[in-house]
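Reader: Could you walk me through this structure with a few questions and answers? I will start with the cavity.

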Amino acid sequence: MIHFSSDSSDFVLVSDFIPDVILEIRYYSTFNFIGDRIDGYEMPLALLTREAATALKNVSDELLKSGYRLKIFDAYRPQKAVDHFVRWAKDLNDTRMKRYFYPELDKSAIIPKGYVLEHSGHSRGSTVDLTLFDMKSAKELDMGGPFDYFGELSHPDYRKITEKQYNNRIILRSAMTKHGFLPVDVEWWHFTLENEPFPDTYFTFPVIS
């Protein structure tokens, strides 16, 4: 049974646990699949449950040894933001960002195909969207497709990319799964802590420090 809560006391700032994390919180900006700042994102911060942040620190510590830093696009997502996504998905006339994020998809298919849902694991506070930053080249690793692209290109096992791009996805996935995160089969960037502390609770407080 789903519960909602506005209690943020078990959440922490990821940057307090991982000082060198790179944040590019897309839903605070206008460069996202909607094209507006998303409701509930009052600051460009990454919040997670303490358990998820601790596990992510272990991922970071390991990857740093290989010259990689974590770059986070989204972490905790308020229910208000998810509601914003749903309203947008139902407005078939607003296709401002189609060419960047869903060029091959008719907008009417976004909800039926599950790209936007009424409830998101992000709102439970132990899910993170991220990539890797290569300190040697001073660039993100090339994952063969951009964050939040709606299509098969985003599937982690998509093979119509270069071997290097595929292997970069494996570097990220291997480190995340080793430290207790579960991947999904449709988004190479999306991981949820397997033993998440609030599996049935969706939080409503805004992203703010």
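Reader: Which residues line the largest cavity?

Author: Happy to start there. A cavity is a set of points, on a 1 Å grid over the protein atoms alone, where a 1.4 Å probe fits but cannot get out, and lining residues have an atom within 4 Å of a point. The largest cavity is therefore described by the residues that meet this cut-off, namely P156, R169, I170, R173, P183, W188 and F191.

Reader: Before we go on, what kind of model is this?

Author: Residues are numbered from 1 along each chain as its sequence is written, and side-chain values use heavy atoms, with hydrogens and water left out. Local features need pLDDT of at least 70 and side-chain atom pairs count only at pLDDT 80 or more, while totals for chains, interfaces and linings use all residues, because this is a predicted model.

Reader: How do the residues of that lining divide into nonpolar, polar and charged?

Author: Ala, Val, Leu, Ile, Met, Phe, Trp, Tyr, Cys and Pro count as nonpolar, Asp, Glu, Lys and Arg as charged, and the others, Gly among them, as polar. For the lining of the largest cavity, that gives five nonpolar, no polar and two charged.

Reader: Which element gives the largest share of the lining of the largest cavity?

Author: Helices (H or I, at least four residues) and strands (E, at least two) are DSSP runs, numbered from the N terminus. The largest share of the lining is three residues, and they come from α5.

Reader: How many aromatic pairs are there?

Author: Rings of Phe, Tyr and Trp (its six-membered ring) pair if their centres lie within 6.5 Å; planes under 30 degrees apart count as stacked, over 60 as edge-to-face and the rest as tilted. By this rule, the count is 22.

Reader: What is the geometry of the pair Y27 and Y41?

Author: Their ring centres are 5.8 Å apart and the planes stand at 70 degrees, so the pair is edge-to-face. Y27 and Y41 both belong to the loop between β3 (22–23) and β4 (47–49), 14 residues apart. To finish on the geometry, this pair is edge-to-face.

Reader: And what is the geometry of the pair Y27 and F147?

Author: Here the centres are 6.4 Å apart and the planes at 45 degrees, so the pair is tilted. The two rings link distant parts of the chain, with F147 in the loop between β7 (139–140) and α5 (163–178), 120 residues from Y27. Both residues are buried (under 20% relative accessible area with a 1.4 Å probe, protein chains only; exposed is over 50%, partly exposed in between). The geometry of Y27 and F147 is tilted.

Reader: Why is strand β5 largely enclosed by the rest of the structure?

Author: The strand covers residues 68–74. The reason it is largely enclosed is that, of its seven residues, those that are buried number six.

Reader: Which residue in β6 stands opposite I72?

Author: Two strands pair if DSSP finds at least two bridges between them. β5 pairs with β6 (residues 127–134) in the antiparallel sense over six bridges, and with β3 in parallel over two. On the β3 side, I72 is the bridge partner of L23; in β6, the residue opposite I72 is L130.

Reader: Is D148, with its positive phi, buried or exposed?

Author: Most residues other than glycine have a negative phi. D148, in the loop between β7 and α5, has a phi of about 70 degrees although it is not a glycine. Its relative accessible area is 4%, so D148 is buried.

Key. On a 1 Å grid over the protein atoms alone, a cavity is a set of points where a 1.4 Å probe fits but cannot get out, and a pocket is an open set with protein on both sides within 12 Å along at least five of seven lines; lining residues have an atom within 4 Å of a point.
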